[in-house]
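Student: Can you walk me through this model one piece at a time? I'd like to see where each answer comes from.

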Amino acid sequence: MSTIEQNLQAVRDSIAQAAADAQRAPADVTLLAVSKTFGADAVLAAMRAGQAAFGENYLQEALDKIAFVKEAAPQHVPAWHFIGPIQSNKTRPIAEHFDWVHTVEREKIAVRLSEQRPAGLPDLNICLQVNISGEASKSGVTPADLPALARAVAQLPRLRLRGLMAIPEPETDVNLQRAAFAQLRVLYQQLKADGLALDTLSMGMSADLRAAVLEGATIVRVGSAIFGSRNYSH
């Protein structure tokens, strides 16, 4: 068994345990393997171990990886999630090559993704990124501006608004981790109560996965716990 396969199993076990403690079905939590900075060989190894969804932050790296994986394993088509910051001039390749986008924070970006999504592809799944901790350095719509953005994005053609995403301020205390995720869950529930058909809470990474699952995460974004520590030098 490869290291990646062993790591994937350990992460799945952690998700299953947290889900059981929250009286949730483990199958209700999707594991998104964050493969940024790792090569296509790491993606292929994870795919061989049954992993079906991958998250990428850097567009050109992602496009190269998507093309390589498509060539190397045409019989397996993973779901590709874009989880990095989005510049206006990068929306077209994102709209053309990804299945999900987790980091929409402005209506302008959503409009461009809508206009540039090829008609032959399924609707692009969208999560709105919320700046839940109010950090100046973090991307995301403010909780106050979220309802208006959600209503606008929900009306756009070729997009499907699925839910919310957040990257809270790092905390080591599980109760503080849970408190931040609970804030996002409350916002999500308010939008659903207002009539939006949402089903996705993208929250939790390697260090706070358990807290996220306990608070209702439906997608957890895990990188280092699967692939190892990252080298950003390249």
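Student: Let's kick off with Gln 23: is Gln 23 buried or exposed?

Tutor: First, the ground rules: this is a predicted model, where local features need pLDDT of at least 70 and side-chain atom pairs count only at pLDDT 80 or more, while totals for chains, interfaces and linings use all residues. Residues are numbered from 1 along each chain as its sequence is written, and side-chain values use heavy atoms, with hydrogens and water left out. Buried means under 20% relative accessible area, exposed over 50%, and partly exposed in between, using a 1.4 Å probe and protein chains only. Because its relative accessible area is 76%, Gln 23 is exposed.

Student: And where is Gln 23 found?

Tutor: Helices (H or I, at least four residues) and strands (E, at least two) are DSSP runs, numbered from the N terminus. Gln 23 isn't a glycine, yet its phi is positive, about 55°. For context, most residues other than glycine have a negative phi. As for its place, Gln 23 sits in the loop between H1 and E1.

Student: Asp 28 is in that loop too. Which residues does Asp 28 touch, leaving out those up to four places away in sequence?

Tutor: Asp 28 counts as partly exposed because its relative accessibility is 46%. Contact here means heavy atoms within 4.5 Å. With residues up to four places away in sequence left out, Asp 28 touches Ala 217 and Thr 218.

Student: Next, Arg 158: where is the place of Arg 158?

Tutor: Arg 158 is another non-glycine with a positive phi, about 65°. Its relative accessible area is 32%, so Arg 158 is partly exposed. You'll find Arg 158 in the loop between H6 and E6.

Student: What relative accessible area does Lys 36 have?

Tutor: Lys 36 lies in the loop between E1 and H2. UniProt, in an unreviewed entry, places the feature "modified residue: N6-(pyridoxal phosphate)lysine" at Lys 36; UniProt positions are in the numbering used here, feature names are shortened, and annotations may be inferred rather than shown by experiment. Not counting residues up to four places away in sequence, Lys 36 touches several residues, including Tyr 58, Arg 230 and Tyr 232. Lys 36 is buried, because its relative accessible area is 14%.

Student: Which residue in E8 does Leu 32 stand opposite?

Tutor: Two strands pair if DSSP finds at least two bridges between them. E1 (residues 30-34) and E8 run parallel, joined by four bridges. E8 (residues 219-222) is covered on both faces, with Ile 219 and Arg 221 buried on one side and Val 220 and Val 222 buried on the other. Opposite Leu 32 stands Arg 221.

Student: Which helix gives the most to the largest nonpolar core?

Tutor: A nonpolar core is a set of buried Ala, Val, Leu, Ile, Met, Phe, Trp, Tyr and Cys residues joined through side-chain atoms within 4.5 Å. The largest one has 69 residues, and Leu 113, Ile 126, Leu 128, Leu 164 and Val 220 have the most contacts inside it. With seven residues, the top contributor to this core is helix H2 (residues 40-48).

Student: What do the buried residues of H5 pack against?

Tutor: In H5 (residues 107-116), the buried residues are Ile 109, Ala 110, Leu 113, Ser 114 and Gln 116. They pack against helix H4 (91-97), strand E4 (100-104), strand E5 (124-129), H6 and E6.

Student: How far does H7 reach from its first C-alpha to its last?

Tutor: H7 covers residues 174-193, so to speak a run of 20 residues. The expected span of a helix is 1.5 Å times one less than its number of residues. For H7 the expected value is 28 Å, and the reach is close to that, at 28 Å.

Student: Gln 177 lies in H7. What is the relative accessible area of Gln 177?

Tutor: The buried residues of H7 include Gln 177, Phe 181 and Leu 184. What covers the buried residues of H7 includes helix H6, strand E6, strand E7 and helix H8. Gln 177 itself touches Glu 171, Thr 172, Ala 207, Asp 208 and Ala 211, not counting residues up to four places away in sequence. Gln 177 is buried because its relative accessible area is 9%.
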